[in-house]
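Good morning, and thank you for coming. I would ask you to look at the structure on the screen while I go through it part by part.

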2 protein chains.
Amino acid sequence: MLDDRKLAVLRAVVEDYVSTNEPVGSKALADRHNLGVSPATIRNDMAVLEEQGYITQPHTSAGRIPTDKGYRLFVDRLSTVKPLSAPERRAIETFLAGAYDLDDVVGRTVRLLAQLTRQVAVVQYPSLTRSSVRHVELVPVAAQRLLLVLITNTGRVEQRVIETHIDISEDSIAHLRALLNTCLDGCWLGDVPTAVAELPGQVPVEDRSVAAAVLSVLLETLVEKHDEKIVFAGAANLAPVDFSQGLRQVLEALEEQVVLMRLLGEVGDSSTLTVRIGTENPHEGLQTTSVVAAGYGVGDQALARLGVLGPTRMDYPGTMGAVRAVARYVGQILAES
Amino acid sequence: MLDDRKLAVLRAVVEDYVSTNEPVGSKALADRHNLGVSPATIRNDMAVLEEQGYITQPHTSAGRIPTDKGYRLFVDRLSTVKPLSAPERRAIETFLAGAYDLDDVVGRTVRLLAQLTRQVAVVQYPSLTRSSVRHVELVPVAAQRLLLVLITNTGRVEQRVIETHIDISEDSIAHLRALLNTCLDGCWLGDVPTAVAELPGQVPVEDRSVAAAVLSVLLETLVEKHDEKIVFAGAANLAPVDFSQGLRQVLEALEEQVVLMRLLGEVGDSSTLTVRIGTENPHEGLQTTSVVAAGYGVGDQALARLGVLGPTRMDYPGTMGAVRAVARYVGQILAES
DNA sequence: CTTGGCACTCATAGGGAGGGAGTGCCAGCG
DNA sequence: CGCTGGCACTCCCTCCCTATGAGTGCCAAG
């Protein structure tokens with residue numbers, strides 16, 4: 001159905017169009033890629049490719065540009081992920097190594113990825129539910145106020161103020177703190193609700209109201225933070241691109257956490273690279289953009305996802321290489337900290 | 001030099017140009033504003049205004065548009081801050097009241113401001129150095145690791161991991177924690193360095209290396225976080241505007257923390273509204289934009305700044321009203337929490 | 001199956017011509 | 001002395017037209 005030469009033609013069309021941003025004609029192809037055949041032959045092949053929906057022409061007398069289906073075939077079968085150069089890898093490593101807390105890691109990552117790919121980078125904070133408890137702390141901050149601090153194995157720290165409504169002794173707090181830690185240490189965050197179910201029974205009667213308040217805030221925190229935080233960078237890279245759908249829609253989408261979530265895909269998704277091209281994209285305003293995403297995490301455990309958003313006309317092999325590399329390095333950094 | 005009618009003409013030019021985005025001519029002015037004089041008279045006034053540099057014409061046979069100097073005069077003498085409507089005020093209040101931690105307050109504020117003004121909103125996190133210590137906590141998280149948590153009166157929580165390199169007993173930690181809190185409670189963050197200077201002397205000899213590590217991390221945190229975090233929202237509102245300098249430069253500027261800092265101005269600046277118009281702006285890429293900013297804080301104490309960035313052709317009275325109102329409400333929210 | 005030739009299509013750029021908005025100037029009037 | 005109406009002038013903008021040229025599809029020959 002599509003012989004090798006036709007595939008080669010498609011690859012050439014994609015590559016040329018990506019690099020020039022102009023419809024590519026048969027003559028240009030024959031000149032720049034030594035396909036060993038004449039423009040006329042290429043024209044015939046292109047006619048077939050167009051008939052099958054892999055390429056299209058913007059106007060009757062223009063060259064061809066790939067369709068979403070064409071890009072899809074290119075990504076699946078005609079290209080290989082392009083590894084980063086050694087200097088690039090070193091740059092990533094040193095840049096990320098300087099980070100000193102989770103915010104900083106994420107912030108550096110997203111800026112790095114934007115700069116590497118010259119597109120918009122999107123990074124999701126490591127999921128709370130997929131982390132485990134490293135430590136829980138209870139701190140009295142005022143007469144009837146406690147601060148609950150929750151530290152996860154990914155370095156994430158959540159804190160919330162608790163109104164106890166009654167005075168509470170240092171000893172009670174210490175006891176409660178000890179209970180919480182023995183009960184929750186190393187506990188999967190998703191399992192916290194069941195783990196603490198037994199806890200109130202082990203608390204002296206006079207402290208039970210406080211314990212209840214603490215637990216309710218703790219559970220609340222887990223639920224609230226379930227909608228994961230996502231940040232992006234590199235919006236300026238969108239400016240030179242001409243989106244037929246309008247820049248505005250893309251910028252709007254970027255500021256919607258929910259949209260970004262869906263964009264990156266589920267954390268459970270294949271931890272390797274995911275590419276979503278044009279109309280494959282769930283969001284309406286982003287049907288002329290593509291997303292290259294990957295999961296990252298500590299070891300094999302995917303904690304969250306990160307990726308890049310750009311025009312469908314993007315350098316897929318290069319972008320995929322950058323995303324994959326950055327995802328790996330972030331995983332390493334998180335594992336170390 | 002400029003009589004009342006000429007000022008009225010300038011005001012009318014600014015208002016019409018802001019609302020229509022088209023150069024405004026003498027006839028249109030005479031029609032829409034009842035100035036009580038004929039177009040010919042207005043033409044004479046406009047000629048004077050142009051000579052003095054308050055307005056200019058893009059082409060010979062076009063209407064006039066205000067210059068930066070014209071906007072400046074408008075803002076300083078010809079307009080009054082437009083208060084928000086009651087529904088708007090209520091909306092702000094309820095929207096901000098739902099916030100449950102500092103991140104959330106800032107996040108909501110910036111989105112709110114962007115939506116109210118239909119422009120780009122910029123909010124600086126409450127300054128660390130201008131806050132005071134509410135509580136310091138030391139938590140053992142592993143064999144030779146402590147977590148330092150610093151809580152400020154503005155609800156900001158900073159945490160850092162400390163490598164002690166030697167084992168340390170619970171008692172020592174408790175002692176150190178108590179020392180830190182008595183020494184620093186309510187202490188102005190800027191004064192922390194001097195306040196802790198005496199501290200090592202009060203620590204048992206065997207704990208001094210740990211104490212030193214803790215203090216160095218504490219001071220480091222204060223220094224590092226001195227470059228305040230700034231967030232923005234509403235970039236999508238830039239899309240429909242045509243910046244002569246190019247959208248790209250504006251977007252780039254928005255992603256540079258340092259630029260945003262300078263944009264908002266020094267926290268010490270007048271806590272009331274600051275307006276910077278066009279070329280008054282320090283940053284090169286933003287010479288066709290204006291910034292309306294204000295300080296906000298708890299009580300009279302300005303903690304940080306927030307503001308709005310838009311084209312010089314913006315609705316100054318409305319924007320100023322929105323910025324002022326939001327700044328006040330955020331101050332209230334922070335004071336309560 | 002490939003190739004060169006050829007007619008055809010159509011987007012794009014360049015060049016006037018006409019219309020119109022707005023101005024500056026001037027003479028007259030209160 | 002300031003305001004007003006009239007009038008000529010200046011350009012910008014739009015529309016239309018044409019020329020150009022890239023690229024295609026088709027066809028007949030190798």
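I begin at the DNA. In this predicted model, the surface near DNA strand C is made up of seven nonpolar, eleven polar and three charged residues. Of the 21 residues around that strand, the nearest are A:Thr41, A:His59, A:Thr60, A:Ser61 and B:Gly25. Helix 3 of chain A, helix 2 (26-32) of chain B and helix 3 of chain B are the elements that give two or more residues to this surface. The largest share, four residues, is that of helix 3 of chain B.

Let us turn to the other strand. DNA strand D is surrounded by 21 residues, and the closest of them are A:Gly25, B:Val37, B:Ser38, B:His59 and B:Ser61. At least two residues each are supplied here by helix 2 (26-32) and helix 3 (39-51) of chain A and by helix 3 (39-51) of chain B. Helix 3 of chain A gives the most to the surface near DNA strand D, namely four residues. By class, the surface near strand D holds seven nonpolar, eleven polar and three charged residues.

How are the two protein chains related? A turn of 180° with a shift of 0.1 Å along the axis lays chain B on chain A with an RMSD of 0.1 Å. The two copies are thus related as by a two-fold rotation axis. The same surface serves both copies, since 100% of the contact residues of chain B recur in chain A.

I come now to the contact between the chains. Here 23 residues of chain B are in contact with 23 residues of chain A. On the chain B side, strand 4 (133-142), strand 5 (145-152), strand 6 (157-163) and helix 10 (247-254) each supply at least two residues. Strand 4 of chain B gives the most to that side, with five residues. The side of chain B that touches chain A divides into 13 nonpolar, three polar and seven charged residues.

Next, chain A as a whole. Its secondary structure comes to twelve helices and ten strands. The C-alpha trace of chain A spans about 90 × 40 × 35 Å along its principal axes. The radius of gyration of chain A is 26 Å, whereas a compact globule of 337 residues would have one near 20 Å. Of the 337 residues in chain A, 42% are buried. Among contacts in chain A between residues at least 6 apart in sequence, 62% join residues at least 24 apart.

Finally, I should like to show one hairpin of chain A in detail. Strand 5 and strand 6 of chain A pair in the antiparallel sense over seven bridges. Within this pairing, A:Val149 stands opposite A:Gln159 in strand 6 of chain A. The hairpin has four residues between the strands, and A:Gly155 takes a positive phi near 85°. Strand 5 (residues 145-152) of chain A is mostly covered, with seven of its eight residues buried.

On strand 6 (residues 157-163) of chain A lies A:Val161. Is A:Val161 buried or partly exposed? A:Val161 has 18 other C-beta atoms within 10 Å and is therefore partly exposed, as a buried residue needs 20 or more. A:Val161 and A:Leu147 are 14 residues apart in sequence, but their C-alpha atoms are 4.5 Å apart in space.

That concludes the presentation. Thank you for your attention.

Methods
Residues numbered from 1 in each chain as written. Chains lettered and ligands numbered in written order. Predicted model: local features only at pLDDT ≥ 70, side-chain atom pairs only at ≥ 80, totals over all residues. Near = placed C-beta within 6 Å. Nonpolar A, V, L, I, M, F, W, Y, C, P; charged D, E, K, R; others polar. Contact = placed C-beta atoms within 7 Å. Least-squares fit on C-alpha atoms with pLDDT ≥ 70 in both. Rg over C-alpha atoms; globule rule 2.2 N^0.38 Å. Buried ≥ 20, exposed ≤ 12 C-beta atoms within 10 Å, placed from the backbone. Pairing = 2+ DSSP bridges.
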